[in-house]
Amino acid sequence: MNEQAHKVVIVGGGAGGLELAAKLGRKHGPAHVLLVDKDGGHIWKPSLHEVAAGTLDIHRESLSYFMLAKDCGFTFIYGEVQAIDREARLLSLKPVFSDTQDEVFPARSIAYDTLVMAVGSKSNFFGTPGAAEFAIALDSTNEAERFRLRLLHQLVLASRRKAAQPGYKLNIGIVGGGATGVELAAELLEACADASFYGLNDLDPASDIRITLLEGSPRILSALPEKMSAAAQKLLESRGVVVKTSVRVSSVETDALIDGEGNRYPADLCVWAAGIEAPAWLSRLGLEVNRINQLVVDSNLRSSDPAIYALGDCAQASWLSEDRPLPARAQVAHQQANFLMDTLSDRINGRQPQDRAFHFRDYGSLVSVGHSKGVGNLMGVLSGKSWFVEGLLARLMYMSLHLMHHWAVLGPVRTGTLAIGRLFMKRAAPRVKLH
Ligand SMILES: Cc1cc2nc3c(=O)[nH]c(=O)nc-3n(C[C@H](O)[C@H](O)[C@H](O)COP(=O)(O)OP(=O)(O)OC[C@H]3O[C@@H](n4cnc5c(N)ncnc54)[C@H](O)[C@@H]3O)c2cc1C
């Protein structure tokens, strides 16, 4: 590697960071572009609810960063960043251990000239007693896998308990009626129905499993248009999900969720999807952060240190026209990754980056409500009007977002090949991962 090369180090290979590394790597090569991630494989985070429900197999879906690095022309460094020495422009990485506790990589330091923080976010428990202990948050592939295994375990237990206690129900509680909670509720309904075909025939998913979705605001999908909330709630309720709005969960116990008025909602399994925060260590870097640890960036996506940029969920950027922060969405991370290409190319080429302003263009939102249905609003780019879409069309559009992410990383030919390959693989395996 050329030691004199200007090094752009991107921390976090998620929805935004990986797209940026792939595009920048193709243009400038591995001497200039380095990606650090704490995982060895990439899964697009908006599909974690499918991992949790078992309808998406991480071993088939995950893309190896080492393979992507070779194909896209960046250097991949496997490890978790734990601190930054801004004066010396050094990142420090924790050592990496194998499952047998052997040290695979020692603690290391990585030098950078320009740093891009793209470490995403995690669930915000808002200090709710018992939440971190008893609820699972779909923050990472590991957590989604942990939920899937607990779900399988609970389904088996439920089929045994039902024989001993007539009227027994398996209760699944979801805290948070945003896109994550809604999509998970719908996915779980279908996964549980499928599981009953594969050996758990004593279980009738329609009557023996109760999914309860609790939302603090007066409506689910409260950040999206009212028509979408109403359509999603109707679809969920028509399939048996219990939706409760204006309910604030004040504590979580091993088998129940308790609201501010003391009402108990039984929950053998609980998922927390009620808000996000950026990793706490970002607030110890001496950079400007907001109350949820997001790095505050200017219109160029630059933090209060001119050598450090930030994008996606870990950054607080504003809509240019208004003084409110952009939402934590994959669409924002994707557009910010595209935007940073020119600025970072300038820096790699030794030029002073031009003063460009990031302008988020909202193309609308799509929420999957099961495998054949979705709801969404699409923004007309020229007219500025929004159109409501639902049903199979919305679901197909939703699926195309995942493909577009693959396209940005793998290019059109490999994305097409992968999509066709996966379609055939699905025919040869049960729809729900059962082991
Ligand atoms: C279940 C679920 C469903 C969602 N559905 C939608 C949807 O339908 N539409 C939508 O727009 N958004 C959706 N979102 C939100 C969307 O996933 C995020 O907004 C988006 O992934 C943010 O992208 P990002 O690049 O900022 O971070 P991420 O995609 O979260 O990537 C962060 C990366 O950083 C790595 N990392 C973290 N810390 C470190 C560290 N210290 N060192 C090294 N690496 C690190 C992680 O391993 C990860 O690869 C959903 C989220 C969830 C959980």
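Domain bounds here come from an automatic or database domain assignment. The model is predicted.

**Exercise 1. Determine where the ligand lies relative to the two domains, and what surrounds it.**

Step 1. Count the shell. A residue belongs to it if one of its heavy atoms lies within 4 Å of the ligand. The ligand is surrounded by 33 residues, and A15, G16, D37, D313 and A330 are the closest.

Step 2. Sort the shell by residue class. Of these residues, 14 are nonpolar, eleven are polar and eight are charged.

Step 3. Assign the shell to domains. Domain 1 covers 8-121 + 278-348 and domain 2 covers 131-272. Because both domains give residues to the shell, the ligand lies between them.

**Exercise 2. List the polar backbone atoms of K38, R329 and A330 that face N or O atoms of the ligand, then state how much of the ligand is covered.**

Step 1. Take the nitrogen side. A polar backbone atom of K38 is 3.2 Å from a nitrogen atom of the ligand.

Step 2. Take the oxygen side. For A330, a polar backbone atom is 2.8 Å from a ligand oxygen atom. For R329, a backbone N or O atom lies 3.4 Å from an oxygen atom of the ligand.

Step 3. Read off the cover. On its own the ligand has 1,000 Å² of accessible area, of which the protein covers 89%.

Step 4. Find the contributing elements. Strand 2 (33-37), helix 7 (179-195) and helix 10 (330-348) each give two or more residues to the shell. Helix 10 gives the most, with three residues.

**Exercise 3. Describe the open sheet that contains strand 2.**

Step 1. Write the order. Five strands are arranged as 5-2-1-11-23, with parallel pairing.

Step 2. Identify the edges. Strand 5 (75-78) and strand 23 (308-310) are the edge strands, and each pairs on one side only.

Step 3. Give the twist. From one strand to the next it averages 20°.

Step 4. Examine one pair. Three bridges link strand 11 (residues 114-117) to strand 23 in the parallel sense. In this pairing, M117 is opposite A310 of strand 23.

**Exercise 4. Explain which strands of the sheet 6-7-10 have a side without a neighbour.**

Step 1. Write the order. This open sheet has three strands in the order 6-7-10, and the pairing is antiparallel.

Step 2. Count partners. Strand 6 (81-85) and strand 10 (108-111) are at the edges with a single partner strand each, so one side of each has no neighbour in the sheet.

Step 3. Give the twist. The average from one strand to the next is 25°.

Step 4. Examine one pair. Strand 6 and strand 7 (residues 90-93) run antiparallel and are joined by four bridges. D85 is opposite L90 of strand 7.

Note on methods. Residues numbered from 1 in each chain as written. Predicted model: local features only at pLDDT ≥ 70, side-chain atom pairs only at ≥ 80, totals over all residues. Heavy atoms only, no water. Pairing = 2+ DSSP bridges. Axes fitted to C-alpha atoms, helices over the stretch in contact; angles between N-to-C directions. Polar contact = N/O pair within 3.5 Å; in protein donor to acceptor, adjacent residues only side chain to side chain. Areas by Shrake-Rupley, 256 points an atom, 1.4 Å probe, with all protein chains shown as cover. Nonpolar A, V, L, I, M, F, W, Y, C, P; charged D, E, K, R; others polar.
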